[in-house]
Amino acid sequence: MRAILFGGLTVGALDGLDAIVFFGLRNGVGPIRIFKGIAGGLLGREAALAGGWPTALLGVVLHFTIATSIVAVFYVLSRRLPFLIRRPFVWGPVYGVAVYLTMNLVVVPLSALHGTGLPQAVPVLLNGLLIHIIGVGMPSALFARAAAPPVQEVA
């Protein structure tokens, strides 16, 4: 449980910081607007943007809940498929890309935001892939590996 919670905090912090820095520099969007955008997945774009601090806080809670769920899924998968944690530097990035595709092609289109799929702007696409490889997939794999029971050597 600790690996999942600390992994979720790590993934949430890395992904959140990436969004704040990347979209802050690229579009001049502040952290409150970013987290309102996340809340928009539940509330819809207009309602989220019209909301204040409570809406931004909802976005923070949703963001970290999603991050923790992502880590928990990798953890459960790694217990059923132990090869995932034997090579975390291979399977972590693969998992990160799978999460990115799932979020953009399934979750966001089904959310109240009604997104349309992968970003059209190449910098946004590349940033999204990189943060999901480095900041989502890798920590998910490394925390799952750290929580694995020690391997028993056969004498």
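Which residues does Val-11 touch, not counting residues up to four places away in sequence? In this predicted model, the residues that Val-11 touches on that count are Ala-67, Val-71, Gly-135, Val-136, Pro-139 and Ser-140. The legends below begin with the core to which Val-11 belongs.

**View 1. The largest nonpolar core, twelve residues in all.** The core is made up of Val-11, Ala-67, Ile-70, Val-71, Phe-74, Leu-84, Ile-85, Tyr-95, Val-99, Val-136, Ala-141 and Ala-144. Two or more residues of this core come from each of helix H4 (53-80), helix H5 (83-86), helix H6 (88-110) and helix H7 (122-146), and H4 gives the most, with four residues. In soluble globular proteins, nonpolar side chains tend to be buried together. Ala-67, Val-71 and Val-136, which are among the core residues, are also among the residues that Val-11 touches.

**View 2. The surroundings of Phe-74 in helix H4.** Phe-74 is one of the residues of the largest nonpolar core, and its relative accessible area is 1%, so it counts as buried, the limit for that term being under 20%. When neighbours within four places in sequence are left aside, Phe-74 is in contact with Leu-84, Ile-85, Trp-91, Tyr-95, Ser-140, Ala-141 and Ala-144. Leu-84, Ile-85, Tyr-95, Ala-141 and Ala-144 also appear in the list of core residues. For orientation, the C-alpha atoms of Phe-74 and Leu-113 are separated by 26 Å, with the two residues 39 positions apart along the chain.

**View 3. His-132 in helix H7 and its polar contact with Gly-128.** A polar atom of the His-132 side chain lies 2.8 Å from the backbone oxygen of Gly-128. With a relative accessible area of 11%, His-132 is buried. Apart from its neighbours within four places in sequence, His-132 is in contact with Asp-15, Gly-96, Val-99, Tyr-100 and Gly-137, and of these residues Val-99 is a member of the largest nonpolar core.

**View 4. Asn-127 and Pro-123, both placed in helix H7.** Asn-127 counts as buried, at 15% relative accessibility, whereas Pro-123 is partly exposed, with a relative accessible area of 44%. Leaving aside neighbours within four places in sequence, Asn-127 is in contact with Asp-18 and Phe-22, while Pro-123, on that basis, is in contact with Phe-22 and Arg-26. Phe-22 thus appears in both contact lists. The C-alpha atoms of Pro-123 and Asp-18, which are 105 residues apart along the chain, are separated by 13 Å.

**View 5. Phe-23 in helix H1 (residues 2-27).** At 25% relative accessibility, Phe-23 counts as partly exposed. Once residues up to four places away in sequence are set aside, Phe-23 touches Asp-18, Gly-28, Val-29, Ile-34 and Val-124. Of these residues, Val-124 stands 101 residues from Phe-23 along the chain, and their C-alpha atoms are separated by 8.9 Å.

**View 6. A nonpolar patch on the surface that includes Val-106.** Leu-101, Leu-105, Val-106, Val-107, Leu-110 and Leu-118 form this patch, which has about 500 Å² of accessible area when the residues are taken together. Val-106 has its place in helix H6 and is partly exposed, with a relative accessible area of 41%. Thr-102 likewise has its place in helix H6 and is partly exposed, with a relative accessible area of 39%. The C-alpha atoms of Thr-102 and Gly-40 are separated by 18 Å, across 62 residues along the chain.

**View 7. His-114 in the loop between H6 and H7.** What is the phi of His-114? The phi of His-114 is positive, at about 55°, although the residue is not a glycine. Most residues other than glycine have a negative phi. His-114 counts as exposed, at 57% relative accessibility, the limit for that term being over 50%.

Technical notes
Residues numbered from 1 in each chain as written. Predicted model: local features only at pLDDT ≥ 70, side-chain atom pairs only at ≥ 80, totals over all residues. Heavy atoms only, no water. Core = buried A, V, L, I, M, F, W, Y, C linked by side-chain atoms within 4.5 Å. Buried < 20%, exposed > 50% of the residue type's maximum accessible area, 1.4 Å probe, protein only. Contact = heavy atoms within 4.5 Å. Patch = residues over 30% accessible without salt bridge, like charges linked within 9 Å, V, L, I, M, F, W, Y side chains within 5 Å. Areas by Shrake-Rupley, 256 points an atom, 1.4 Å probe, with all protein chains shown as cover. Salt bridge = Lys/Arg side-chain N within 4 Å of Asp/Glu carboxyl O. Polar contact = N/O pair within 3.5 Å; in protein donor to acceptor, adjacent residues only side chain to side chain.
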